[in-house]
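Work through the exercises below with the sequence and the model side by side. Try each task before reading its solution.

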Amino acid sequence: MESSANEFLRGTLKTIVLKLLAEQGRMYGYEITQSVKERTSGQITLTFGALYPVLHKLEQEGLLVTESQEVDGRLRKYYSLTPTGNKAAEQKVSEFEQFMEAMRVLLLPPPSLIPGI
(Lines give C-alpha, C1' and ligand atoms only; values in the text may rest on other atoms or scores of the structure.)
Protein backbone atom coordinates (compact mmCIF):
# COMPACT_ATOMS: atom_id res chain seq x y z
CA MET A 1 0.00 0.00 0.00
CA GLU A 2 2.83 2.39 0.78
CA SER A 3 4.03 2.83 -2.82
CA SER A 4 0.46 3.38 -4.03
CA ALA A 5 -0.21 5.78 -1.17
CA ASN A 6 2.93 7.73 -2.04
CA GLU A 7 1.81 7.99 -5.65
CA PHE A 8 -1.56 9.43 -4.61
CA LEU A 9 0.08 11.59 -1.96
CA ARG A 10 2.08 13.70 -4.41
CA GLY A 11 -1.03 15.38 -5.76
CA THR A 12 -2.55 16.01 -2.36
CA LEU A 13 0.33 17.29 -0.22
CA LYS A 14 -0.73 20.93 -0.44
CA THR A 15 -4.27 20.03 0.55
CA ILE A 16 -3.08 17.93 3.49
CA VAL A 17 -0.76 20.64 4.81
CA LEU A 18 -3.32 23.41 4.37
CA LYS A 19 -6.03 21.35 6.09
CA LEU A 20 -3.82 20.49 9.08
CA LEU A 21 -2.68 24.08 9.54
CA ALA A 22 -6.27 25.32 9.24
CA GLU A 23 -7.27 22.93 12.04
CA GLN A 24 -4.25 23.33 14.31
CA GLY A 25 -3.36 26.98 13.85
CA ARG A 26 0.38 26.46 13.76
CA MET A 27 2.62 23.43 13.50
CA TYR A 28 6.25 22.58 12.89
CA GLY A 29 7.45 20.09 10.28
CA TYR A 30 7.92 17.03 12.47
CA GLU A 31 4.54 17.68 14.07
CA ILE A 32 2.91 17.68 10.62
CA THR A 33 4.54 14.37 9.67
CA GLN A 34 3.47 12.76 12.93
CA SER A 35 -0.09 14.05 12.67
CA VAL A 36 -0.46 12.52 9.20
CA LYS A 37 1.04 9.23 10.39
CA GLU A 38 -1.21 9.05 13.46
CA ARG A 39 -4.41 10.05 11.66
CA THR A 40 -3.86 7.46 8.94
CA SER A 41 -2.71 4.72 11.34
CA GLY A 42 0.64 4.71 9.57
CA GLN A 43 -0.77 4.16 6.07
CA ILE A 44 0.54 7.55 4.95
CA THR A 45 3.95 8.76 5.98
CA LEU A 46 5.31 12.12 4.92
CA THR A 47 9.04 12.39 4.45
CA PHE A 48 10.80 15.64 5.19
CA GLY A 49 12.05 15.57 1.60
CA ALA A 50 8.45 15.73 0.39
CA LEU A 51 7.09 18.05 3.10
CA TYR A 52 9.57 20.91 3.18
CA PRO A 53 9.43 21.79 -0.53
CA VAL A 54 5.64 22.03 -0.18
CA LEU A 55 5.94 24.24 2.90
CA HIS A 56 8.43 26.51 1.13
CA LYS A 57 6.21 26.73 -1.96
CA LEU A 58 3.15 27.60 0.15
CA GLU A 59 5.20 30.28 1.89
CA GLN A 60 6.33 31.71 -1.47
CA GLU A 61 2.69 31.76 -2.60
CA GLY A 62 1.78 33.83 0.47
CA LEU A 63 -0.40 31.08 1.95
CA LEU A 64 1.61 30.59 5.11
CA VAL A 65 4.05 32.40 7.34
CA THR A 66 6.80 31.11 9.57
CA GLU A 67 7.82 31.94 13.10
CA SER A 68 10.98 30.64 14.73
CA GLN A 69 10.99 29.78 18.40
CA GLU A 70 13.69 28.34 20.61
CA VAL A 71 12.69 25.02 22.16
CA ASP A 72 15.15 23.06 24.34
CA GLY A 73 18.05 25.12 23.01
CA ARG A 74 17.13 24.48 19.37
CA LEU A 75 15.40 26.75 16.91
CA ARG A 76 12.04 25.36 15.76
CA LYS A 77 10.22 26.81 12.76
CA TYR A 78 6.44 26.98 13.10
CA TYR A 79 4.13 27.37 10.11
CA SER A 80 0.72 29.02 10.16
CA LEU A 81 -1.75 30.11 7.51
CA THR A 82 -2.28 33.64 6.31
CA PRO A 83 -5.86 34.79 5.70
CA THR A 84 -5.32 33.90 2.03
CA GLY A 85 -4.03 30.50 3.17
CA ASN A 86 -7.20 29.88 5.17
CA LYS A 87 -9.29 30.58 2.08
CA ALA A 88 -7.03 28.34 -0.01
CA ALA A 89 -7.41 25.55 2.57
CA GLU A 90 -11.20 25.71 2.31
CA GLN A 91 -11.04 25.73 -1.48
CA LYS A 92 -8.53 22.87 -1.75
CA VAL A 93 -10.49 20.67 0.67
CA SER A 94 -13.73 21.38 -1.21
CA GLU A 95 -12.09 20.57 -4.55
CA PHE A 96 -10.64 17.35 -3.17
CA GLU A 97 -13.99 16.29 -1.70
CA GLN A 98 -15.57 16.81 -5.13
CA PHE A 99 -12.77 14.78 -6.71
CA MET A 100 -13.25 11.95 -4.19
CA GLU A 101 -16.98 11.87 -4.91
CA ALA A 102 -16.31 11.73 -8.65
CA MET A 103 -13.84 8.87 -8.10
CA ARG A 104 -16.35 7.03 -5.90
CA VAL A 105 -18.98 7.27 -8.64
CA LEU A 106 -16.45 6.26 -11.28
CA LEU A 107 -15.26 3.21 -9.33
CA LEU A 108 -18.72 1.90 -8.48
CA PRO A 109 -20.06 -0.65 -10.91
CA PRO A 110 -22.61 0.80 -13.33
CA PRO A 111 -26.21 0.10 -12.25
CA SER A 112 -26.62 -2.24 -15.23
CA LEU A 113 -23.97 -4.56 -13.71
CA ILE A 114 -25.55 -4.69 -10.24
CA PRO A 115 -27.76 -7.79 -9.84
CA GLY A 116 -31.42 -7.03 -9.24
CA ILE A 117 -31.36 -3.55 -10.74
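**Exercise 1.** Which residues does Ser-80 touch, not counting residues up to four places away in sequence?

*Solution.* This is a predicted model, in which local features need pLDDT of at least 70 and side-chain atom pairs count only at pLDDT 80 or more, while totals for chains, interfaces and linings use all residues. Residues are numbered from 1 along each chain as its sequence is written, and side-chain values use heavy atoms, with hydrogens and water left out.

Step 1. Place the residue: Ser-80 lies in strand 3. Helices (H or I, at least four residues) and strands (E, at least two) are DSSP runs, numbered from the N terminus.

Step 2. Apply the contact rule, which asks for heavy atoms within 4.5 Å. With residues up to four places away left out, Ser-80 touches Gly-25, Arg-26, Leu-63, Leu-64 and Val-65.

Step 3. Add a distance. The C-alpha atoms of Ser-80 and Leu-18 are separated by 9.0 Å, with their positions 62 residues apart along the chain.

**Exercise 2.** How many helices and strands does the protein have, and what pattern do they follow along the sequence?

*Solution.* Step 1. Count the elements: there are 5 helices and 3 strands.

Step 2. Read them in sequence: the pattern is α-α-β-α-α-β-β-α.

Step 3. Look at contacts across the chain. Among contacts with a separation of 6 or more, 49% join residues 24 or more positions apart.

**Exercise 3.** Which members of the largest nonpolar core touch the most other members?

*Solution.* Step 1. Fix the terms. Buried means under 20% relative accessible area, exposed over 50%, and partly exposed in between (1.4 Å probe, protein chains only). A nonpolar core is a set of buried Ala, Val, Leu, Ile, Met, Phe, Trp, Tyr and Cys residues joined through side-chain atoms within 4.5 Å.

Step 2. Name the members. The largest core has 21 residues, and those touching the most others are Val-17, Leu-21, Ile-32, Leu-46, Leu-55, Leu-58 and Leu-64.

Step 3. Find the elements behind the core. At least two residues each come from helix 2 (13–24), helix 3 (29–39), helix 4 (48–60), strand 3 (74–81) and helix 5 (83–107). Helix 2 gives the largest share, 6 residues.

Step 4. Take one member as an example. Beyond its neighbours within four places in sequence, Ile-32 is in contact with Leu-20, Met-27, Leu-46, Leu-51 and Leu-55.

Step 5. Recall the general rule: in soluble globular proteins, nonpolar side chains tend to be buried together.

**Exercise 4.** How do the axes of helix 2 and helix 5 cross?

*Solution.* Step 1. Take the geometry. The two axes come within 9 Å and cross at roughly 125°. Axes are lines fitted to C-alpha atoms, for helices over the stretch in contact, and angles run from 0 to 180 degrees between N-to-C directions.

Step 2. Classify the angle. Under 35 degrees counts as roughly parallel, over 145 as roughly antiparallel, 65 to 115 as roughly perpendicular and the rest as oblique. Helix 2 and helix 5 are therefore oblique to each other.

Step 3. List the residues that meet. Thr-15, Leu-18, Lys-19 and Ala-22 of helix 2 meet Gly-85, Asn-86, Ala-88, Ala-89, Lys-92, Val-93 and Phe-96 of helix 5.

Step 4. Follow one residue. Leu-18 has 1% relative accessibility and so counts as buried. Outside the stretch up to four places away in sequence, Leu-18 touches Leu-58, Leu-81, Gly-85, Ala-88, Ala-89 and Lys-92. The C-alpha atoms of Leu-18 and Val-93 are separated by 8.5 Å, although the two are 75 residues apart along the chain.

**Exercise 5.** Is Thr-82 buried or exposed, and is Ser-41 buried or exposed?

*Solution.* Step 1. Thr-82 sits in the loop between strand 3 and helix 5. Its relative accessibility is 13%, so Thr-82 counts as buried. Leaving aside neighbours within four places in sequence, Thr-82 is in contact with Gly-62, Leu-63, Leu-64 and Val-65.

Step 2. Ser-41 is in the loop between helix 3 and helix 4. Its relative accessibility is 69%, so Ser-41 counts as exposed. Ser-41 is not a glycine, yet has a positive phi of about 50°.
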